[in-house]
Amino acid sequence: MIAAMRYSKLFIPTLRDDPADAEVISHKLLLRAGYIRRVTSGVYDYLPLALRVLRKIEAVIRQELNRSGAQELLMPMVQPCELWEKSGRMEKYGPELLRFKDRHGHDSCLGPTHEEVISDLVARELRSYKQLPMNLYQIQTKFRDEIRPRFGLMRGREFIMKDGYSFHADDACLAAEYDNMFATYCRIFERFGLNFRPVEADCGSIGGNKTHEFHVLAESGEDLIAHCSGCDYAANVEKAVSERSVQAFEAATLQSVDTPNVTSAEDVAALLSLEPSALLKTVVYRVIGGENDATVIAACVRGDDQLQEIKLIHALAADGVEMATDEEVQSIGGVSGFIGPQGLSCKLLLDQSLNEAAGLVAGANKKDAHVTGLDTARDLDAASFADLRETRAGDDCLKCGSAIELSRGIEVGQVFALGTQYTESMEVMFQNQQGKRAVATMGCYGIGVSRLMAAVVEQCNDDSGISWPPELAPFQLGLITMGKSEEVMQASETIYQQLLDAGIDVLWDERKERPGVKFKDAELIGLPMQVVIGDRGLKAGLVEMGLRSGERNEVALTDIVNLVIDQLKTSGSTN
């Protein structure tokens, strides 16, 4: 749909300065350029420019999903809580699920996602394997009651999301559709011209046994991703695995040493003139959910490693962990600040890099004391081992041996192979080819549409403002009139109509403003092309044409429409 718009008639409330409460560049620029306005914490108005960008993002998503064989529908935002109780996620999802009662006393919630609703729908309509596979998606508003909304659209409570769900007769069919959706998502983000990376990830509260996240690379990203410098391995650090060479320390007799008021691994290492890798850090947690629910456990990594809590949660088959209180540490025989693995009356997990490690230093479970010469095989025979450490830059890739690198990423999409996690509890059944009742298997595929708009700005900006990729810009071209004569206004009007007739989105800045104001506004809102018509050039039959923040060249007035069309084709901008 081609837009005809004069700047003086368009609602663009730009700001001269950065808003004081905006922390990341996308939040600052989307506010300054008049794209969004805050309603309340984590909830925003999308003004006309923002809505045009969102609609363009949605159009690309729809084109690629429809091409892949998915079908669009629309489900309600308000969901009955009984569906969440049936799936077993009512309590597990936590306080982010906003719940309320309607006037009849029925428990309802605002949908943060739609696995339950889509499973209920398909369960009522699915009869035979002949109806499978099916892939259904929607683009709709979601609500998650984030405890600390921040960074504008990057971490809001209300947001726009594309969520899709596929149903299959067997796991092989699910695997094929997972690959289909993975390739579809890659095409979507490639069309936006983004520097992105798909990475292996943790399944989180959605569940399943296989998932990939899609990250737009940006320094402001909340996620840390590990990727190999020599192959295609990439994973969120919550999931990433790697190995590194660690100096072997000589076996020694277990001894106690005084370490008065020295508690951190770095300070203990410095006091004893040792490498931090010679230390063993012990962290005590209270477990939430699973067979260890409400119990206290201890987990250990080397002194120069960080314990990755998501890995610990999986090792415990738990729903979560919380740091233990001083009282809970004392209850298992530990002393806060000087905790060590020996003699603790609780379950003990060690990172696998500590298997058969000797010559280590650990807390002595006595105030102002540590032990040296700790041997995990000799002194910790009741310990279990698992991958608990967080991958670090410089580690070796398990796939090819090359060095691991770390980057910041903004998660904008994710695909899940859910299996029967929801379909079994929601009773999504069908008659298979053998005439028997079987449970369908399921996939889930999401893209954060409004977050994607912010992520694009995080990657596509400069000192002057937003620099939209051509396919996403709210208008393809800014037509700027310089001068107040009747002749320049008439010429601008003529070119404006010609560009519209040629199918080009044009924003005509015909305001009675100074040239500097017009150019600053055009660059702030991020239109990829500019055509400038002024009195001086018009007398010679010339206008200026150029890309945003680039040089403008004088071209013949009579050629301008064809030149704009050619430039837009070259840049990949289409309607």
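How many bridges join β6 to strand β7, and in which sense do the two run? In this predicted model, β6 and β7 (residues 107–110) are joined by 3 bridges and run antiparallel. One pair fixes the register for the eye: Lys-101 has Asp-107 in β7 as its bridge partner. The two strands belong to an open sheet of 3 strands, ordered β5-β7-β6, with antiparallel pairing. Its edges are β5 (78–80) and β6 (99–101). Each edge strand has a single partner, so one side of each is left without a neighbour in the sheet. From one strand to the next, the twist averages 40°.

Move along the chain to the loop between α4 (115–125) and β8 (134–143), where Pro-133 has its place. Here the backbone holds a cis peptide bond, between Leu-132 and Pro-133. Its omega is about 0°.

Next comes strand β25 (residues 441–448). Of its 8 residues, 8 are buried, so the strand is largely enclosed by the rest of the structure. The cut-off behind that word is a relative accessible area under 20%. In a regular strand, side chains alternate between the two faces of the sheet. For β25, Thr-441, Gly-443, Tyr-445 and Ile-447 point one way. Met-442, Cys-444, Gly-446 and Gly-448 point the other way. Both sets are buried.

Which strands pair with β25? Strand β9 (residues 158–168) pairs with β25 in the antiparallel sense, over 8 bridges. Within that pairing, Tyr-165 has Cys-444 of β25 as its bridge partner. Strand β22 (residues 404–419) also pairs with β25 in the antiparallel sense, here over 6 bridges. In this case Gly-419 is matched with Met-442 of β25.

Now take helix α5 (residues 171–191). Does its length fit a regular rise, or depart from it? What span should its 21 residues have at 1.5 Å a residue? The expected figure is 30 Å, and the end C-alpha atoms are 30 Å apart, which agrees. At the N-terminal end, Asp-170 acts as the cap of α5. A side-chain oxygen of Asp-170 lies 3.2 Å from the backbone nitrogen of Ala-172. Along the helix, the buried residues are Leu-174, Glu-177, Tyr-178, Met-181, Thr-184, Tyr-185, Cys-186, Ile-188 and Phe-189. After α5 comes Gly-193, with a positive phi near 70°.

Two further positive phi values turn up in residues other than glycine. One belongs to Ser-273, where phi is near 55°. Ser-273 sits in the loop between α6 (265–271) and β15. Its relative accessibility is 67%, so Ser-273 counts as exposed. The other belongs to Ala-294, with phi near 70°. Ala-294 is placed in the loop between β15 and β16. It too is exposed, at a relative accessible area of 54%.

Both loops lead to an open sheet of 5 strands. The strand order is β17-β15-β16-β18-β21, and the pairing is mixed. At the edges stand β17 (320–323) and β21 (384–386). Each has a single partner strand, so one side of each is left without a neighbour in the sheet. The twist averages 40° from one strand to the next. Inside the sheet, strand β16 (residues 296–302) and strand β18 (residues 347–351) pair in the parallel sense, over 4 bridges. There, Ile-297 stands opposite Lys-347 in β18. Helix α7 (residues 309–316) lies across β15 (280–288), β16, β17, β18 and β21. The helix runs at about 120° to β17.

Finally, look at helix α14 (residues 560–571). At 1.5 Å a residue, its 12 residues should span 16 Å. The end C-alpha atoms are 16 Å apart, which agrees. Which residues of α14 are buried? They are Ile-560, Val-561, Val-564 and Leu-568. Seen down the axis of α14, these buried residues fall within an arc of 100°, so they line one face of the helix. On the other side of α14, Asn-562, Lys-569 and Thr-570 are exposed. The buried residues of α14 pack against β28 (477–482), α11 (486–501), β30 (529–534), β31 (542–547) and β32 (552–556).

Methods
Residues are numbered from 1 along each chain as its sequence is written. This is a predicted model: local features need pLDDT of at least 70, side-chain atom pairs count only at pLDDT 80 or more; totals for chains, interfaces and linings use all residues. Side-chain values use heavy atoms; hydrogens and water are left out. The expected span of a helix is 1.5 Å times one less than its number of residues. Buried means under 20% relative accessible area, exposed over 50%, partly exposed in between (1.4 Å probe, protein chains only). A polar contact is a pair of N or O atoms within 3.5 Å; within protein, one must be able to donate a hydrogen and the other to accept it, and residues adjacent in sequence count only if both atoms are side-chain atoms. Two strands pair if DSSP finds at least two bridges between them. Axes are lines fitted to C-alpha atoms, for helices over the stretch in contact, and angles run from 0 to 180 degrees between N-to-C directions. Contact means heavy atoms within 4.5 Å. The arc is that of the directions from the helix axis to the C-beta atoms.
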